[in-house]
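User: Got a model open here and want a quick tour. Can you take my questions as they come?
Analyst: Sure, go ahead.

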Amino acid sequence: MGASQKDFESAVNQVKLLKKDPGNEVKLKLYALYKQATEGPCNTPKPGLFDLINKAKWDAWNALGDLPKETARQNYVDLVSGLRSSSDSSSQVKPEADKKQAGYETLVITSEDHITKIMLNRPAKKNALNTQMYQEIMLALEAASKDDSTITVFTGSGDYYSSGNDLTNFTDIPPGGVEEKAKNGAILLRDFVDCFIDFPKPLVAVVNGPAVGISVTVLGLFDLVYASDRATFHTPFSHLGQTPEGCSSYTFPKIMGLAKAVEMLIFGKKLTAGEAYAQGLVTEVFPDSTFEKEVWTRLKAYSKLPRNAMRISKQIIRNHEKEKLHAINAEESSILQERWLSDECVNAVMNFLSQKAKL
Ligand SMILES: CCCCC/C=C/C(=O)SCCNC(=O)CCNC(=O)[C@H](O)C(C)(C)COP(=O)(O)OP(=O)(O)OC[C@H]1O[C@@H](n2cnc3c(N)ncnc32)[C@H](O)[C@@H]1OP(=O)(O)O
């Protein structure tokens, strides 16, 4: 028998009493199930691109399609019951969690010296970007665009900057099947890259180690890229049956010339930090032993420069390309939507996952 209206109302009240913040992804699920259970299928207009929070909520609700109200009610009650037991058994907060700005699970965000630092924080997975991390980065960029920092910095925790798209993202197939998965992936990719195209303040990448895939391609949209001499830059798209994203099909030829861009984007040549510097993708390379110290000293000095002058200069430098970049992003995302359904891509991802499977 399904959950009664009383069970549902009691679950709604229990959510307010949870000891531990369940994180954005779970909150979105709760929101979507609540709306579906009380109002049925999503019936409101899609919020605008920059209304990130309401758009994330709308996407979550809309993704439930025609799920019956009774099933949504039951799923809501089950989800809350799971949260209650995990909240009760883990009320001892880990020290690491204390440091993180509330609401983020895959990032550590700090603000100091007028610098907002967004640190990718899944070191055990080489900071691979899972769906939650893409969403949290979009929220973090929106918040950073409005806070009182002058510059925003991305970096990675652990030995990698980022290993790119989390290939296990491909395994979580929704009820609508692989076509729906590919469609959702293309929407996520497009929204994600749009946030970088539109980011109004100077954006800096502190590339502390190897970078792969989308963590490399979006560097073409950053204003400064500082790299440790341990960093490498790798875009193995053909190996994965995939194609370039992050506007790199446009920015890379522009930055490094067609020949070198082709070597990276079609043939998957991995660049050292020195090579990436020589080709204009990296602003400056530092010895790993002094990387953090040198880079942060530099950035702290830059962060004292007048905020508005920097923002307006960025606008002048970047604005005339914005429309073009949005169009390129849309095109790259829609090509990838097709690619993700191809045998070439499916086989490459299966190959990675089966090699890594602990059998
Ligand atoms: C929705 C938007 C989509 C946008 C399109 C984006 C495209 C891209 O970004 S394409 C690039 C995708 N990335 C890759 O192909 C890299 C895959 N990973 C690797 O090749 C290797 O893991 C490595 C070279 C990055 C590191 O190798 P190694 O030093 O041997 O370390 P491990 O392989 O043992 O990694 C430790 C741990 O992390 C997991 N992991 C690392 N990267 C990924 C990843 N990209 N996706 C999923 N999982 C990843 C790895 O599986 C290990 O996990 P455990 O076995 O559970 O410890």
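User: Strand 4 to start. Which residues point which way?
Analyst: This is a predicted model. In strand 4, Leu203, Ala205 and Val207 point one way. Val204 and Val206 point the other way. All of them are buried.

User: How many residues of strand 4 are buried in total?
Analyst: 5 of its 5 residues, which run from 203 to 207. The strand is mostly covered.

User: How does strand 3 run relative to strand 4, parallel or antiparallel?
Analyst: Parallel, with 4 bridges joining the two. Strand 3 covers residues 151–156. One pairing to look at is Phe154, whose bridge partner in strand 4 is Ala205.

User: What does the chain pass through between strand 3 and strand 4?
Analyst: Helix 7, residues 177–198. That makes a β-α-β crossover, and it is right-handed.

User: And strand 6, how many bridges does it share with strand 4?
Analyst: Strand 6 is residues 224–228, and it pairs with strand 4 over 4 bridges, in the parallel sense. Val204 has Leu224 as its bridge partner in strand 6.

User: What holds paired strands together, in general?
Analyst: Backbone hydrogen bonds, in either a parallel or an antiparallel arrangement.

User: Next, the open sheet of 3 strands. What's the order?
Analyst: The order is 5-7-8, with mixed pairing. Strand 5 (211–212) and strand 8 (271–272) stand at the edges. Each has a single partner strand, so one side of each has no neighbour in the sheet.

User: How many bridges between strand 5 and strand 7?
Analyst: 2 bridges, in the parallel sense. Strand 7 is residues 232–234. Ala211 has Phe233 as its bridge partner there.

User: Switching to the ligand. Which residues come nearest?
Analyst: Ala128, Ser163, Gly164, Asn165 and Gly213, out of 21 residues around the ligand.

User: What's the polarity split of that shell?
Analyst: 9 nonpolar, 7 polar and 5 charged.

User: Which helix gives the most to the shell?
Analyst: Helix 7, with 3 residues. That is the helix of the crossover between strand 3 and strand 4. Helix 7 and helix 14 each supply at least two shell residues.

User: Where does helix 14 sit in the sequence?
Analyst: Residues 343–356, with Asp343 in the helix.

User: Is Asp343 buried or exposed?
Analyst: Exposed, because just 8 other C-beta atoms lie within 10 Å. The cut-off for exposed is 12 or fewer.

User: What about Asp343 and Gly241, how far apart are they?
Analyst: 102 residues apart in sequence, but 8.1 Å apart in space, C-alpha to C-alpha.

User: How about Ala102 and Gly82?
Analyst: Those are 20 residues apart along the chain, and their C-alpha atoms are separated by 21 Å. Ala102 is in the loop between helix 5 (95–99) and strand 1. Ala102 counts as exposed, because it has 8 C-beta neighbours inside 10 Å.

User: Now backbone angles. What is phi at His114?
Analyst: Near 65°, a positive value in a residue other than glycine. Most residues other than glycine have a negative phi. His114 sits in the loop between strand 1 (107–112) and strand 2 (115–120). His114 is partly exposed, with 17 other C-beta atoms within 10 Å.

User: And Cys247, what's its phi?
Analyst: Near 70°, again positive in a residue other than glycine. Cys247 is in the loop between strand 7 and helix 9 (248–256).

User: Is Cys247 buried or exposed?
Analyst: Buried, because 26 other C-beta atoms lie within 10 Å. The threshold for buried is 20 or more.

User: Zooming out. How many helices and strands in the chain?
Analyst: 14 helices and 9 strands. The radius of gyration is 21 Å, close to the 21 Å that the globule rule gives for 359 residues, so the chain is as compact as a globular protein of that length.

User: What does the C-alpha trace span?
Analyst: About 65 × 45 × 45 Å along its principal axes.

User: What share of the residues is buried?
Analyst: 37% of the 359 residues.

User: Last one. Among contacts between residues at least 6 apart in sequence, what share joins residues at least 24 apart?
Analyst: 78% in this chain.

Definitions and conventions
Residues are numbered from 1 along each chain as its sequence is written. This is a predicted model: local features need pLDDT of at least 70, side-chain atom pairs count only at pLDDT 80 or more; totals for chains, interfaces and linings use all residues. The radius of gyration is taken over C-alpha atoms; the globule rule is 2.2 Å times the number of residues to the power 0.38. Two residues are in contact if their C-beta atoms, placed from the backbone, lie within 7 Å. Two strands pair if DSSP finds at least two bridges between them. A crossover is right-handed if, with the strands pointing away from the viewer, the path from the first strand over the helix to the second runs clockwise. A residue is near a molecule or strand if its C-beta atom, placed from the backbone, lies within 6 Å of it. Ala, Val, Leu, Ile, Met, Phe, Trp, Tyr, Cys and Pro count as nonpolar, Asp, Glu, Lys and Arg as charged, and the others, Gly among them, as polar.
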